[in-house]
Amino acid sequence: MTRVLDAEPHDSGTVDTAPNRADQGYDTIFSYRELARLDEALTMSSRETGLRFTLYIGDLGPRTRIRAEELHARGGDPVDSVLLAVSPGQRVIEVVTGASAARRLPDRACALAVLSMTNSFAAGDLVGGIVNGLRQLSDQAGHPHSARRH
Amino acid sequence: MSVVETLLVFVVAPLAVYVFFWAMTYLPGGRKRPGIRYKPGQPWEHEPVWYEPQPENAPTHAAGEGDTQAVGSSLYGETAAIGSGHGSGHGASLDGHGSSAVGSSVIAGTRGATAVSAGTPVPSAGGPLGGARGTW
C-alpha cells in the first residue's frame with residue numbers, strides 16, 4: 001500500500017529548462033548580489049553600445065592570448081562582440097574586441113580600462129573592477145547612432 | 001539613586017550595547033556570506049564561467065505561438081527553437097546549444113569547460129582582432 005509513496009524524486013527539467021532552474025546554486029563563485037551587479041553591467045553596456053560584452057572567468061591555459069581569441073571566436077557574433085577574459089589564478093586579463101568593435105574601441109581605450117581593472121583586481125575586488133571596466137569601455141564606445149553619424 | 005543603580009545605568013548598560021555590537025561585527029557565523037573572497041595570488045580552482053548579456057526581448061513575452069507547450073516547464077513560454085539547436089543569435093553558448101536562457105545570463109560552468117576543450121580552434125572571421133592585456 002505504501003508503494004505509491006516511495007516514488008523517486010525526479011527532475012522535470014528538460015535540456016532547455018535545466019540550465020534555468022533556480023534551485024541550482026549559481027552563487028558558488030560570486031554571491032547573488034555580485035551576480036546581479038555583473039548581470040546589470042553586462043546587459044546595460046551591451047544595450048547602450050550595441051556591442052556584445054561577454055565575460056569569461058576561468059583559467060586561460062599557458063597561452064592566454066590565443067585561448068582568449070579562441071573563446072572570442074566561439075561566442076556568438078564575434079565581429080561585434082567584446083570578450084573580457086579574466087583568469088584570477090594566473091592574474092591575467094585579456095580583452096578581445098572583434099573587427100567591428102575594435103573600430104569603436106581602440107586598443108588604447110581597452111588598455112586604459114584594463115589598467116583600472118587590474119588596479120581593482122590587485123586589491124581583491126574582482127566584481128568592482130569588472131563593473132568599472134565595463135563602464136569605461138561602454139563610455140568609450142558610445143551609442144551606435146553617434147558612431148554611425150561620422 | 002543608589003550607587004548600584006548608578007553603576008547599572010551609566011556603566012553596565014552602555015557596556016552591554018558596545019559588547020552587543022562588537023559581537024555582531026566580529027564573532028564568526030554572525031553573517032553568512034555566500035561566494036568567495038578573492039585574494040590576489042591565491043589559486044583559482046573554480047570551473048570556468050561565461051557570463052553574457054541578457055537578450056533584449058527574452059523574458060517578458062507570455063507563452064504563445066511558437067513556444068513549447070510543455071506544461072509546467074516554465075512560467076514564461078519558451079521559444080521552441082531553443083531545443084532544436086538553432087536558437088536565436090543572441091544566446092550563443094560554449095557548446096553551440098543556444099542558451100538564450102530566459103531571464104538568466106549564467107551558463108553552467110561544467111558544460112562550458114568540456115565544450116571549450118573539445119572544439120577545434122576557429123579562425124577569426126571578419127578582420128583583425130583588437131584588445132588589450134593586463135596582469136596584476
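This briefing describes strand pairing, the nonpolar core, salt bridges and an annotated segment in a predicted model with chains A and B. Strand 3 of chain A, residues 92–97, is a useful place to begin, since this strand pairs in the antiparallel sense with strand 2 of chain A over six bridges, and is also joined by six bridges to strand 2 of chain B, again running antiparallel. One residue of strand 3 of chain A, Glu94(A), forms a salt bridge with Arg133(B) and meets Arg65(A) in another.

**Strand 3 of chain A and its partners**

- Strand 3 of chain A is mostly covered, with six of its six residues counted as buried.
- Val92(A), Glu94(A) and Val96(A) point to one side of this strand, whereas Ile93(A), Val95(A) and Thr97(A) point the other way, and the residues of both sets are all buried.
- Within chain A, strand 2 (residues 81–87) and strand 3 form a hairpin with four residues between them, and Arg91(A), which sits in the turn, has a positive phi of about 55 degrees.
- In the antiparallel pairing of these two strands, Leu84(A) stands opposite Val95(A) of strand 3.
- Towards the other chain, strand 3 of chain A is joined to strand 2 (residues 130–135) of chain B, and here Val95(A) stands opposite Ala132(B).

**The largest nonpolar core**

- The largest nonpolar core has 35 residues, and those that touch the most other members are Phe30(A), Phe53(A), Leu55(A), Leu84(A), Val86(A) and Tyr51(B).
- Two or more residues of this core come from each of several elements of chain A, namely helix 1 (32–49), strand 1 (52–57), strand 2, strand 3, helix 4 (107–122) and helix 5 (126–141), and also from strand 1 (49–51) of chain B.
- Helix 5 of chain A gives the most to this core, contributing seven residues.

**Salt bridges**

- Over all chains, the structure holds five salt bridges.
- The side chains of Glu94(A) and Arg65(A) meet in a salt bridge at 2.9 Å, N to O, and this pair links distant parts of the chain, with Glu94(A) in strand 3 of chain A and Arg65(A) in helix 2 (residues 64–74) of chain A, 29 residues apart.
- Glu94(A) counts as buried because its relative accessibility is 0%, whereas Arg65(A), at 23% relative accessibility, counts as partly exposed.
- Glu94(A) also forms a salt bridge with Arg133(B), in which the closest N and O atoms are 2.8 Å apart; because Glu94(A) lies in strand 3 of chain A and Arg133(B) in strand 2 of chain B, the pair joins two chains.
- Arg133(B) counts as partly exposed, since its relative accessibility is 48%.
- Arg65(A), Glu69(A), Glu94(A) and Arg133(B) are linked in a network of salt bridges.
- Arg67(A) forms a salt bridge with Glu70(A), the closest N and O atoms lying 3.8 Å apart, and because the two residues are three positions apart in helix 2 of chain A, they are separated by about one helical turn.
- Of this pair, Arg67(A) is partly exposed at 25% relative accessibility, while Glu70(A) is buried with a relative accessible area of 17%.

**Glu40(A) in helix 1 of chain A**

- Glu40(A) lies in helix 1 of chain A and is exposed, with a relative accessible area of 53%.
- Although Glu40(A) and Val131(A) are 91 residues apart along the chain, their C-alpha atoms are separated by 8.9 Å.

**The annotated segment of chain B**

- An unreviewed UniProt entry carries the annotation "transmembrane region" for residues 6–27 of chain B.
- Over residues 6–27 of chain B, the chain is 95% helix and 0% strand in the model, and the end C-alpha atoms are 30 Å apart.
- A nonpolar surface patch of about 1000 Å² is made by Met1(B), Val3(B), Val4(B), Leu7(B), Leu8(B), Val9(B), Phe10(B), Val11(B), Val12(B) and Leu15(B).
- Val12(B), one of the residues of this patch, has its place in helix 1 (residues 3–26) of chain B and is partly exposed, with a relative accessible area of 43%.

Note on methods:
Residues are numbered from 1 along each chain as its sequence is written. Chains are lettered from A and ligands numbered from 1 in the order in which they are written. This is a predicted model: local features need pLDDT of at least 70, side-chain atom pairs count only at pLDDT 80 or more; totals for chains, interfaces and linings use all residues. Side-chain values use heavy atoms; hydrogens and water are left out. UniProt positions are given in the numbering used here, feature names are shortened, and annotations may be inferred rather than shown by experiment. Patches are made of residues with over 30% relative accessible area and no salt bridge: like charges are joined within 9 Å, nonpolar side chains (Val, Leu, Ile, Met, Phe, Trp, Tyr) within 5 Å. Accessible areas come from the Shrake-Rupley method with a 1.4 Å probe; for residues, only the protein chains shown count as cover. A salt bridge is a side-chain nitrogen of Lys or Arg within 4 Å of a carboxyl oxygen of Asp or Glu. Buried means under 20% relative accessible area, exposed over 50%, partly exposed in between (1.4 Å probe, protein chains only). Two strands pair if DSSP finds at least two bridges between them. A nonpolar core is a set of buried Ala, Val, Leu, Ile, Met, Phe, Trp, Tyr and Cys residues joined through side-chain atoms within 4.5 Å.
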